[in-house]
Amino acid sequence: MKPNIEELRKKYMDNPPEGMTSKDIRRMSEEELLDMDYFLNEDDLFADEAGVEGFYIF
């Protein structure tokens, strides 16, 4: 499922990540925008694993 790029672009132009400006977001390619969104939300991808710390072998 491909997210709506223009909605994503508007989201980040309205509230740019730290160190970026709306102008930077406007100039980004679709791939760059999707990559940025992925890395900014990477922690959310593993949210259902919350509470699991470390690696256990029994």
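# A guided tour of a four-helix chain

Start with the whole chain shown as a surface: its accessible surface comes to about 5,300 Å², and carbon and sulfur atoms account for 52% of that. What you have open is a predicted model.

**Stop 1: the overall layout**

Switch to a cartoon view. The chain has 4 helices and 0 strands, so from the N terminus on the elements run α-α-α-α. Of the 58 residues in the chain, 17% are buried. Now think about how the parts of the chain meet: among contacts with a separation of 6 or more, 41% join residues 24 or more positions apart.

**Stop 2: the nonpolar core**

Select Ile-5, Leu-8, Tyr-12, Ile-25, Met-28, Leu-33 and Met-36, and show their side chains. These 7 residues make up the largest nonpolar core. Two elements, α1 and α3, give two or more residues each to this core. Which of the elements gives the largest share? That is α1, with 3 residues.

**Stop 3: Leu-33**

Stay in the core and centre the view on Leu-33, which sits in helix α3, residues 30-40. Is Leu-33 buried or exposed? Leu-33 is buried, because its relative accessible area is 0%, and the cut-off for buried is under 20%. Looking past the residues up to four places away in sequence, you will find Leu-33 touching Ile-5, Leu-8, Arg-9, Tyr-12, Ile-25 and Met-28. Pick Leu-8 from that group and draw a distance between the C-alpha atoms: Leu-33 and Leu-8 are 7.8 Å apart in space, although their positions lie 25 residues apart in sequence.

**Stop 4: Tyr-12**

Move on to Tyr-12, another member of the core. Beyond the residues up to four places away in sequence, Tyr-12 touches Pro-17, Ile-25, Leu-33, Met-36, Asp-37, Leu-40 and Asn-41. Keep Asp-37 from that list in mind for later.

**Stop 5: Arg-9 and its partner**

Now select Arg-9 in helix α1. Arg-9 counts as buried because its relative accessibility is 11%. Leaving aside neighbours within four places in sequence, Arg-9 is in contact with Ile-25, Arg-26, Met-28, Ser-29, Glu-30 and Leu-33.

Add Glu-6 to the view. Side chains of opposite charge can pair when their charged atoms come close. Glu-6 and Arg-9 form a salt bridge, with 3.9 Å between the closest N and O atoms. Both residues lie in helix α1, residues 5-14, and they are 3 residues apart, about one turn of the helix. Glu-6 is exposed, since its relative accessible area is 52%, whereas Arg-9 is buried.

Before leaving, look at Glu-30, one of the contacts of Arg-9. Glu-30 has its place in helix α3 and counts as partly exposed because its relative accessibility is 40%. A C-alpha distance drawn from Glu-30 to Glu-6 reads 9.1 Å, for two residues 24 apart along the chain.

**Stop 6: the other salt bridge**

How many salt bridges does the structure hold? The total is 2. Besides the bridge you have just seen, select Asp-14 and Lys-10, whose side chains meet in a salt bridge at 2.9 Å, N to O. These two residues also both lie in helix α1, 4 residues apart, about one turn of the helix. Asp-14 counts as exposed, with 55% relative accessibility.

**Stop 7: Asp-37, a charge without a bridge**

Return to Asp-37, which lies in helix α3. Leaving aside neighbours within four places in sequence, Asp-37 is in contact with Leu-8, Lys-11 and Tyr-12. Asp-37 is buried yet has no salt bridge. Which side chain of opposite charge is nearest to Asp-37? The nearest one is Lys-11, 4.1 Å away. A salt bridge calls for a nitrogen and a carboxyl oxygen within 4 Å, so this pair is not counted as one.

**Stop 8: a pair of rings**

Finish with the aromatic residues. The structure holds 1 aromatic pair. Select Tyr-38 and Phe-39: their ring centres are 5.2 Å apart and their planes stand at 85°, so the pair is edge-to-face. Tyr-38 is partly exposed, with a relative accessible area of 41%, while Phe-39 counts as exposed at 55% relative accessibility.

Technical notes
Residues are numbered from 1 along each chain as its sequence is written. This is a predicted model: local features need pLDDT of at least 70, side-chain atom pairs count only at pLDDT 80 or more; totals for chains, interfaces and linings use all residues. Side-chain values use heavy atoms; hydrogens and water are left out. Buried means under 20% relative accessible area, exposed over 50%, partly exposed in between (1.4 Å probe, protein chains only). Contact means heavy atoms within 4.5 Å. Rings of Phe, Tyr and Trp (its six-membered ring) pair if their centres lie within 6.5 Å; planes under 30 degrees apart count as stacked, over 60 as edge-to-face and the rest as tilted. Accessible areas come from the Shrake-Rupley method with a 1.4 Å probe; for residues, only the protein chains shown count as cover. A nonpolar core is a set of buried Ala, Val, Leu, Ile, Met, Phe, Trp, Tyr and Cys residues joined through side-chain atoms within 4.5 Å. Lys and Arg count as positive and Asp and Glu as negative; His and the chain ends are not counted.
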